[in-house]
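Colleague: I am new to reading protein structures. Could you take me through one, feature by feature?

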Amino acid sequence: MPSDTEILEAVEVYARRRGVSARLADPGAAALTWQFLLDFRIVRSVEERGERPMREPGSRREELAGRPTYTSIESYRVAPPDDPERHDAWRLVRRGSLGEERCEKCKGGTNSCGACGGRGVRDCPRFVDCPVCQGGPDACWECEGTGRRRAGRPAHPYAAAPSAHRVLCTRCRTSQVACPKCGGRRQLDCTTCKKTGSVQCGTCEGTKRVIHQECEGTGRFTVWTEGYINQSPRREKERRLGRLDLRRTTGNAGRWHETVLRGAADELPDDLDEADRTLIDPLLAPRKDEVARRATLRRLPLAHVRVHADPHRDYYAFPSHTGIEVTSRPTKERVRNVAAIAAASLVLVALFAALGMAVLR
Ligand SMILES: [Zn+2]
Ligand SMILES: [Zn+2]
Ligand SMILES: [Zn+2]
Ligand SMILES: [Zn+2]
Ligand SMILES: [Zn+2]
């Protein structure tokens, strides 16, 4: 940390370049106050443990036998992570809990097909209505598809004009009166079942049985008690980075002093002031289920210098990687005044505009 004299010398050189010449070491020429910028972060690895009952289809004994076992999940030991940022997870099997049970809702992994009632086939009509005459009386102008000639009944409305498109009726043997598609039969043989009256069931493909989804067709379940341990990071921070328009400069150029604490017993540096210690201490208290931590405290001493000969600017100086970095900003009051003047100018502009309008009328 630089001395007050070194800071004032650096500010003097900087101010001279801005056209302000004053010997800042003279009594009353400058006022210097120190503050510490603070950037504190802590990341903890927090562990979560528990047990849950498991039941999964099929035989998984072999696969699960490869997992570590435990008797009490609370006392099972796992190493804390080297890096508390890391996510880690363990899946364990409670000793003696691994077993298999038969699926009670099926027989060896399958059930009777519900779609066909376990028959493997489904009913299908042997005949279908003729699409040309719609299976109606138009099938034959003589017998209407019944096979009985009209004898005594009134003639069919179209019977007087026999058509070339009409064919011999297979029912009543009259020529040029029947539907060309069905030949007077009103119906056609079903092509789906080829007149057999049944088709293979599409659900079971004729096997009469379907796979039981719940046990995935295995007819059994593997059961066990799973213990789980998860380690995951939790982050907290506390920062006091000073005025907003300086942060980029201090962040990039500042030679921040860094302290890393890894254990819950590690102490904050002795030279940390009381207010900062009060701010950070609560964040360092050990948390339940914490297994590792890394706390990083970064500090940068920042000198604020008011120069009597230049009352409208704040000068700032801090240690950098090359020596002492100096920068300056208009004072807050100055910024406020300038803003007030700008606002007043806007009011005047508006006023003149209004007057101009009035004159034009
Ligand atoms: Zn089953
Ligand atoms: Zn059919
Ligand atoms: Zn006929
Ligand atoms: Zn027909
Ligand atoms: Zn079926």
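Modeller: Gladly. Keep in mind that this is a predicted model. Let us begin with a loop residue. Arg-173 sits in the loop between strand 7 and strand 8.

Colleague: Is Arg-173 buried or exposed?

Modeller: Exposed means over 50% relative accessible area. Arg-173 has 53%, so it counts as exposed.

Colleague: What is the phi of Arg-173?

Modeller: First the general idea. Most residues other than glycine have a negative phi. Now the case here. The phi of Arg-173 is near 65°, a positive value in a residue other than glycine. Lys-208 also has a positive phi, near 75°.

Colleague: Where does Lys-208 lie?

Modeller: Look in the loop between strand 9 (198-200) and strand 10 (209-211). Lys-208 has a relative accessibility of 41%, so it is partly exposed.

Colleague: Now the metals. Which residues coordinate the zinc ion (ligand 3)?

Modeller: To read a metal site, list the donor atoms, then check distances and angles. For the zinc ion (ligand 3), the donors are the SG atoms of Cys-140, Cys-143, Cys-169 and Cys-172. They sit at 2.2 to 2.3 Å. The angles among the four donor atoms are 104 to 118°, and the site is tetrahedral.

Colleague: Why is that site called tetrahedral?

Modeller: Four donors count as tetrahedral if all angles lie between 85 and 135 degrees. The angles at the zinc ion (ligand 3) are 104 to 118°, so the site passes.

Colleague: How are the donor residues of the zinc ion (ligand 3) spaced in sequence?

Modeller: The spacing is C-x2-C-x25-C-x2-C. Read each x with its number as the residues between two donors. Check burial too. Cys-169 has a relative accessible area of 0% and is buried. Cys-172, at 5%, is buried as well.

Colleague: Which residues hold the zinc ion (ligand 4)?

Modeller: Use the same steps. The zinc ion (ligand 4) is coordinated by the SG atoms of Cys-130, Cys-133, Cys-179 and Cys-182. The distances are 2.2 to 2.4 Å. With angles of 102 to 119° among the four donor atoms, this site is tetrahedral. The donors follow the spacing C-x2-C-x45-C-x2-C along the chain. Cys-130 is buried at 1% relative accessible area, and Cys-133 is buried at 6%.

Colleague: What is Arg-166 in contact with?

Modeller: Place the residue before you list its partners. Arg-166 is in the loop between strand 7 (127-129) and strand 8 (187-189). Its relative accessibility is 12%, so Arg-166 counts as buried. Leaving aside neighbours within four places in sequence, its contacts include Cys-140, Trp-141, Gln-176 and Cys-179. Notice that Cys-140 is a donor to the zinc ion (ligand 3), while Cys-179 is a donor to the zinc ion (ligand 4).

Colleague: How far apart are Arg-166 and Cys-140?

Modeller: Give both distances. In sequence they are 26 residues apart. In space they are 8.8 Å apart, C-alpha to C-alpha. Then look at polar atoms. The side chain of Arg-166 reaches the backbone oxygen of Asp-138 at 2.9 Å. A polar atom of that side chain also lies 2.8 Å from the backbone oxygen of Val-177.

Colleague: Let us try a helix. Which residues of helix 4 are buried?

Modeller: In helix 4 (residues 274-284), they are Asp-276, Arg-277, Ile-280, Leu-283 and Leu-284. Seen down the helix axis, they fall within an arc of 125°, so they line one face. The face turned away carries the exposed residues Glu-274, Ala-275 and Thr-278.

Colleague: What does the buried side of helix 4 pack against?

Modeller: Its buried residues pack against strand 1 (30-57), strand 11 (220-240), strand 12 (257-261) and strand 13 (290-307). Check the helix start as well. There, a side-chain oxygen of Asp-273 reaches to within 3.2 Å of the backbone nitrogen of Ala-275.

Colleague: Last topic. Which residues of the largest nonpolar core touch the most other members?

Modeller: That core has 14 residues. Those touching the most other members are Ile-7, Val-11, Val-305, Val-307, Tyr-315 and Val-326. Helix 1 (4-17), strand 13 and strand 14 (313-320) each supply at least two residues. Helix 1 gives the largest share, six residues. Apart from this core lies another, of 11 residues, among them Leu-261, Ile-280, Ala-295 and Leu-297. You have met Ile-280 already, among the buried residues of helix 4.

Definitions and conventions. Residues are numbered from 1 along each chain as its sequence is written. Chains are lettered from A and ligands numbered from 1 in the order in which they are written. This is a predicted model: local features need pLDDT of at least 70, side-chain atom pairs count only at pLDDT 80 or more; totals for chains, interfaces and linings use all residues. Side-chain values use heavy atoms; hydrogens and water are left out. Donors are N, O and S atoms within 2.8 Å of the metal (3.2 Å for Na, K and Ca); water is not among the atoms, so sites may look incomplete. Four donors count as tetrahedral if all angles lie between 85 and 135 degrees; four count as square planar and six as octahedral if opposite donors are over 155 degrees apart and all others between 65 and 115; anything else is irregular. Buried means under 20% relative accessible area, exposed over 50%, partly exposed in between (1.4 Å probe, protein chains only). Helices (H or I, at least four residues) and strands (E, at least two) are DSSP runs, numbered from the N terminus. The arc is that of the directions from the helix axis to the C-beta atoms. Contact means heavy atoms within 4.5 Å. A polar contact is a pair of N or O atoms within 3.5 Å; within protein, one must be able to donate a hydrogen and the other to accept it, and residues adjacent in sequence count only if both atoms are side-chain atoms. A nonpolar core is a set of buried Ala, Val, Leu, Ile, Met, Phe, Trp, Tyr and Cys residues joined through side-chain atoms within 4.5 Å.
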